[in-house]
Amino acid sequence: MITRLTLVNFKAFRRLELAMGPLTLLTGLNSSGKSSVLQSLALLLQSFGRGRAASPEEGLMLNGELVELGTARDLLHDDFGPADDLLVTDAPLVGVVVEAGGTGRFIARYDLDEPDEDAMEAYDFPGGWSLLDVPFQYLHADRITPAVTYPRTRQIALGPGFLGVRGEHTVNYLRHHAEHEVPDGPLRHSAATSPQLLDQTVAWMQELCPGVNLNASAVEGTDFVRLSYGFGGTAGINATRRRRPTNVGFGLTYALPIVVACLTATPESLILLENPEAHLHPKGQSRMAALIAAAAATGAQLIVETHSDHVLNGVRIAVKQEALRPEDAVIHFFRGNGSGAEVITPRVDKDGMLAQWPEGFFDEWENSLDQLLD
Ligand SMILES: Nc1ncnc2c1ncn2[C@@H]1O[C@H](COP(=O)(O)OP(=O)(O)OP(=O)(O)O)[C@@H](O)[C@H]1O
Ligand SMILES: [Mg+2]
């Protein structure tokens, strides 16, 4: 598990050091650098992650399946400075340093002669490989929307089990792995009809919409799969009638990749999520947090960007209910200060209480209430 990430001259950060836990929440203002943190890890994974490029000589690939960061010039912090502890050359450096007890270092050199290249020379890898040689998921804020069909790529659904950065392979993955068992433990939903992935997914989706069920099937003779929903018995709807995603609202389909990414987490997995709360009603957001905490409790590492009070509180409740140890929930609040971000890390105690509430940290409810009661 990655316990610390250090970024040097990386996009908004002149230098940033972040503690990481089994569940790390990245919160704070827009454009304060939360996604950039996820992108730094995605950059390593797309270059050197399991099943990716063979050797460090190939360097960091700035544009690929996970992230499209542009050129070396785009990546280098505008106001870059020396990185004393990484210093191996006079050339400007972009450092992404991941650590887990010992140290794995990934340092990329910005080549002044070729600033518009979309690869960067990378070197210094002691111990770093094993941190990246893990199953991973990375789901962007912009995910699959309700559609009539989704892609059917056998190699992706069966191979690395990668759901796609937009979750576009989720439906095909579910189709192939419907009977795969979710191991006994925190992730297994007790109300599900079986431990199998499809039934477990349905049970968690019912937390968002009671009575819903889903089905993933191939569209014969094409390269597509189809997702359909049923609403057994609710509101007098005929239980046997299937509905296409475009006719059942936005939230369910948008949340599906998050649910499947969490349910398929293994103790080795690294799961990067942007805005799991998107398009969900408040209680649904809170239940997504419970699912994310359950995945972290199984031993996976989840790094989650969120703007949701309900996700934050859901994690606090998971701690209070002893579903997650307090030290396993790491909460960072990014506060942009014009020239990079300042990060405050309120600690959570065993009762789910936070040690500090910095200004701007999920305080809008009270601010609004003050104005209403004034
Ligand atoms: N080369 C660079 N030098 C300095 N700053 C940069 C550079 N490249 C990008 N930035 C800044 O990095 C920030 C990137 O923000 P990021 O996408 O990480 O925001 P975020 O916190 O995820 O926001 P949101 O909540 O809207 O998703 C922006 O403020 C952008 O101006
Ligand atoms: Mg973001």
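Q: Where is Leu369 found?

A: Good place to start! Keep in mind as we go that this is a predicted model. Leu369 is found in helix α10, which covers residues 364-373.

Q: Is Leu369 buried or exposed?

A: The general idea is to look at relative accessible area: under 20% is buried, over 50% is exposed, and anything in between is partly exposed. Leu369 has a relative accessible area of 35%, so this residue is partly exposed.

Q: Which residues make a nonpolar surface patch with Leu369?

A: To read a patch of this kind, look for nonpolar side chains within 5 Å, on residues with over 30% relative accessible area. Here Leu369 is joined by Trp365, Leu372 and Leu373. Together with Leu369 they make a nonpolar patch of about 520 Å² on the surface.

Q: How many residues of helix α5 are buried?

A: For a whole helix, go through the residues one by one with the cut-off of under 20% in mind. In α5, residues 170-177, the count is 6 of the 8, so the helix is largely enclosed by the rest of the structure. The buried ones are Thr170, Val171, Asn172, Tyr173, Leu174 and His177.

Q: Where is Ala91, and what is its relative accessibility?

A: Ala91 sits in the loop between α2 and β5 (93-100). Its relative accessibility is 21%, so it counts as partly exposed. Try finding Tyr110 as well: it is 19 residues away from Ala91 along the chain, yet their C-alpha atoms are separated by 6.7 Å.

Q: Now the ligand! How many residues surround ligand 1?

A: Here the idea is to collect every residue with a heavy atom within 4 Å of the ligand. Ligand 1 is surrounded by 17 residues, and the closest are Ser31, Lys34, Ser35, Ser36 and His307. Sorted by type, the shell holds 4 nonpolar, 8 polar and 5 charged residues.

Q: Which N or O atoms of the protein lie 2.8 Å from an oxygen atom of ligand 1?

A: Check side chains and backbone separately. On the side-chain part, Asn30 has an N or O atom 2.8 Å from a ligand oxygen. On the backbone part, a polar atom of Ser31 is 2.8 Å from an oxygen of ligand 1, and an N or O atom of Ser35 is also 2.8 Å from a ligand oxygen. As for cover, ligand 1 has 660 Å² of accessible area on its own, and the protein covers 71% of that.

Q: Which elements give two or more residues to the shell around ligand 1?

A: They are α1 (34-48) and α2 (72-75). The largest share, 3 residues, comes from α1.

Methods:
Residues are numbered from 1 along each chain as its sequence is written. Chains are lettered from A and ligands numbered from 1 in the order in which they are written. This is a predicted model: local features need pLDDT of at least 70, side-chain atom pairs count only at pLDDT 80 or more; totals for chains, interfaces and linings use all residues. Side-chain values use heavy atoms; hydrogens and water are left out. A polar contact is a pair of N or O atoms within 3.5 Å; within protein, one must be able to donate a hydrogen and the other to accept it, and residues adjacent in sequence count only if both atoms are side-chain atoms. Accessible areas come from the Shrake-Rupley method with a 1.4 Å probe; for residues, only the protein chains shown count as cover. Helices (H or I, at least four residues) and strands (E, at least two) are DSSP runs, numbered from the N terminus. Ala, Val, Leu, Ile, Met, Phe, Trp, Tyr, Cys and Pro count as nonpolar, Asp, Glu, Lys and Arg as charged, and the others, Gly among them, as polar. Patches are made of residues with over 30% relative accessible area and no salt bridge: like charges are joined within 9 Å, nonpolar side chains (Val, Leu, Ile, Met, Phe, Trp, Tyr) within 5 Å. A salt bridge is a side-chain nitrogen of Lys or Arg within 4 Å of a carboxyl oxygen of Asp or Glu. Buried means under 20% relative accessible area, exposed over 50%, partly exposed in between (1.4 Å probe, protein chains only).
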